[in-house]
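Thank you all for coming. I would like to walk through one structure slowly, going from its surface towards its strands and its charged pairs, so please keep the picture open while I talk.

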Amino acid sequence: MITVSVKWQKELFKDVEIDTTQPPYVFKCQLFDLTGVPPERQKIMVKGGLLKDDANWSTLGVKEGQKLMMMGTVDEIVKSPEKGTVFVEDLPEEEQVAAVGHTAGLFNLGNTCYMNSTLQCLHSVPELKSALIDYSQSGRNTDVDQSSHMLTIATRDLFNELDKSVKPVAPMQFWMVLRKKYPQFAQLHNGVFMQQDAEECWTQLLYTLSQSLTSPGSSENLDAVKANFGIGLISRTYCQESNEESSETESVFSLKCHISQEVNHLHEGLKHGLKSELEKASPVLGRSAIYLKESHINALPRYLTVQFVRFFWKRESNQKAKILRKVDYPLELDVYDLCSEDLRKKLETPRQILRNEEGKKLGLKVKEKSAVHKENDVKMSDAEGSSNGGGEPSVAPMEEGEKETQMTGVYDLVAVLTHKGRSADSGHYVGWVKQENGKWIEFDDDNPKPRLEEDITKLSGGGDWHMAYIIMYKARVVSP
């Protein structure tokens with residue numbers, strides 16, 4: 001602490017204390033209390049010029065007993081409002097949520113951070129919440145067992161409670177139903193529920209919802225989870241020894257980012273994850289042979305989920321060990337070069353429209369939309385003609401009443417699930433979620449905290465800090 005005097009107009013304020021551990025803005029707030037001059041109107045002369053809000057006191061050379069000069073005028077007298085002041089805590093809870101800018105946290109019920117972080121990330125998907133709202137007892141699919149039905153109901157009710165509350169919610173009912181459906185989450189150690197793998201929780205929950213959120217009696221048998229999270233893959237398996245070749249299609253809910261010494265960036269890890277080597281019996285050779293499998297994306301989801309393969313089974317310690325290597329990931333991901341040739345052709349027109357839209361924002365001269373369509377008509381018809389029957393992967397799934405949109409292959413990061421610690425079955429999981437207003441919130445169990453975008457890119461690993469384990473991107477779409 002140092003004590004100074006401050007001269008303002010005809011007044012002299014003596015013995016004003018400066019806490020040099022706090023930024024100058026705090027000092028300005030003290031002067032506001034003394035003079036009524038708001039901090040933004042204060043001009044305080046110091047060595048080197050005007051005092052800035054974030055300056056470092058140690059570099060300013062302000063000494064004990066020094067006299068500082070301040071200029072500035074007070075605000076106009078504001079008339080008292082016709083309506084009395086309403087405090088946030090006095091608003092109805094639904095309005096409090098809107099005022100705060102994010103929904104509630106979740107209480108940790110005893111090593112349940114793996115579950116809480118998973119729920120917060122999935123809760124950020126409006127299309128999933130809409131499908132859950134539409135789900136009811138009467139609409140239950142007869143193919144869905146009772147435990148899956150109960151878990152779906154518990155998810156719907158919990159999401160609804162999170163949307164209406166700013167106070168932390170205890171997910172007791174959901175937790176009970178989850179343990180009943182998947183007993184591995186009920187494992188005990190010394191009478192205490194054990195920490196579990198968040199990726200297993202994420203996968204099992206999405207699988208259950210994909211079974212139950214299927215429209216009964218629908219000719220298309222629409223699966224809301226597959227429509228929003230399903231990634232279509234087309235794979236070619238080839239044996240160099242026998243020249244055998246086969247292809248297959250499959251749908252998965254996430255891509256894997258494999259981590260090795262060569263992988264420094266998400267894109268490199270995804271390419272590794274889409275290639276694999278397997279050994280199986282060759283009917284041509286009459287013995288086992290090595291086959292190379294290479295996959296490409298053939299249908300894009302609305303929400304693209306990526307798992308960083310950070311854990312492996314370590315025989316010596318008999319537990320899942322963690323790969324701490326730093327792997328950077330972008331806020332904007334383009335998966336065009338991971339797509340099949342057919343899908344690339346279908347993406348060309350939407351990608352040109354996207355480039356035009358972004359160019360207009362920057363004030364650049366761009367092609368008219370009609371010219372883009374005309375230029376790409378032949379390419380699009382070629383792609384449709386050579387389609388492998390995988391539907392229209394460049395068309396984004398739509399909500400009822402929503403205009404048709406097309407995929408571009410470009411995605412924006414909207415959620416990150418991190419792990420801190422050395423083993424998947426210990427440590428701590430946290431969800432980092434982008435809100436509709438563009439702000440990021442760190443959901444650390446019952447304690448949500450605002451975060452900057454730059455904080456999110458620092459979760460790439462390389463030490464014992466929180467590092468990305470699962471990330472989720474939302475598709476950037478355009479209107480045709």
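Let me begin with Met 69, which has a relative accessible area of 41% and therefore counts as partly exposed, since that class lies between 20% and 50%. Please keep in mind throughout that this is a predicted model. Met 69 sits in strand S5, which covers residues 67–71. Together with Met 45, Leu 50 and Met 71, Met 69 forms a nonpolar patch on the surface, and these residues have about 370 Å² of accessible area together.

From the surface I move to a strand with other surroundings, namely S21, which spans residues 467–478. How many of the twelve residues of strand S21 are buried? Ten of them are, so this strand is largely enclosed by the rest of the structure. For those who are new to sheets, strands pair through backbone hydrogen bonds, and they can do so in a parallel or an antiparallel way.

Strand S21 pairs with strand S13, residues 303–309, in the antiparallel sense, and five bridges hold that pairing. If you look for one position in it, Gln 307 has Ile 470 in S21 as its bridge partner. Strand S21 also runs antiparallel to strand S17, residues 406–420, and here ten bridges join the two. In this pairing you can find Ala 415, whose bridge partner in S21 is Met 472.

Just ahead of S21 there is a residue that I would like you to locate, His 466, which is found in the loop between helix H12 (453–456) and S21. Is His 466 buried or exposed? His 466 is buried, because its relative accessible area is 6%, and the limit for that class is under 20%. The side chain of His 466 makes a polar contact of 3.4 Å with the side chain of Thr 418.

Another histidine, His 419, is found in strand S17, and with a relative accessibility of 0% it counts as buried. Which side chain does the side chain of His 419 contact? The partner is Lys 322, and the polar contact between the two side chains is 2.8 Å.

Now I turn to a second group of strands, where four strands form an open sheet in the order S9-S8-S12-S11, with antiparallel pairing. At the edges are strand S9 (245–252) and strand S11 (275–282), each of which pairs on one side only. Ignoring direction, neighbouring strands of this sheet are turned against each other by 30° on average. Within the sheet, strand S8, residues 231–238, and strand S12, residues 287–299, pair antiparallel over seven bridges, and Tyr 238 stands opposite Leu 292 in S12.

That brings me to the charged pairs, and a search of the whole structure finds 18 salt bridges. One of them is formed by Lys 293 and Glu 248, whose closest N and O atoms are 3.4 Å apart. This pair links distant parts of the chain, with Lys 293 in strand S12 and Glu 248 in strand S9, 45 residues apart. Glu 248 has a relative accessible area of 40%, and so it is partly exposed.

A further salt bridge joins the side chains of Asp 328 and Lys 326, at 3.9 Å from N to O. Asp 328 counts as partly exposed at 30% relative accessibility, and Lys 326 is also partly exposed, at 44%.

Next, Arg 351 forms a salt bridge with Asp 334, with the closest N and O atoms 2.8 Å apart. The two lie 17 residues apart in distant parts of the chain, Arg 351 in helix H10 and Asp 334 in strand S16 (residues 332–334). Here the two ends fall into separate classes of exposure, because Arg 351 counts as buried at 13%, whereas Asp 334 is partly exposed at 28%.

I would like to finish with helix H10, residues 341–361, where Glu 358 is also found. Glu 358 counts as partly exposed, with 30% relative accessibility, and a polar contact of 2.5 Å joins its side chain to that of Arg 476. Which residues are linked in a network of salt bridges with Glu 358 and Arg 476? They are Glu 332 and Asp 412, which complete the network.

Methods. Residues numbered from 1 in each chain as written. Predicted model: local features only at pLDDT ≥ 70, side-chain atom pairs only at ≥ 80, totals over all residues. Heavy atoms only, no water. Patch = residues over 30% accessible without salt bridge, like charges linked within 9 Å, V, L, I, M, F, W, Y side chains within 5 Å. Areas by Shrake-Rupley, 256 points an atom, 1.4 Å probe, with all protein chains shown as cover. Salt bridge = Lys/Arg side-chain N within 4 Å of Asp/Glu carboxyl O. Buried < 20%, exposed > 50% of the residue type's maximum accessible area, 1.4 Å probe, protein only. Polar contact = N/O pair within 3.5 Å; in protein donor to acceptor, adjacent residues only side chain to side chain. Pairing = 2+ DSSP bridges. Axes fitted to C-alpha atoms, helices over the stretch in contact; angles between N-to-C directions.
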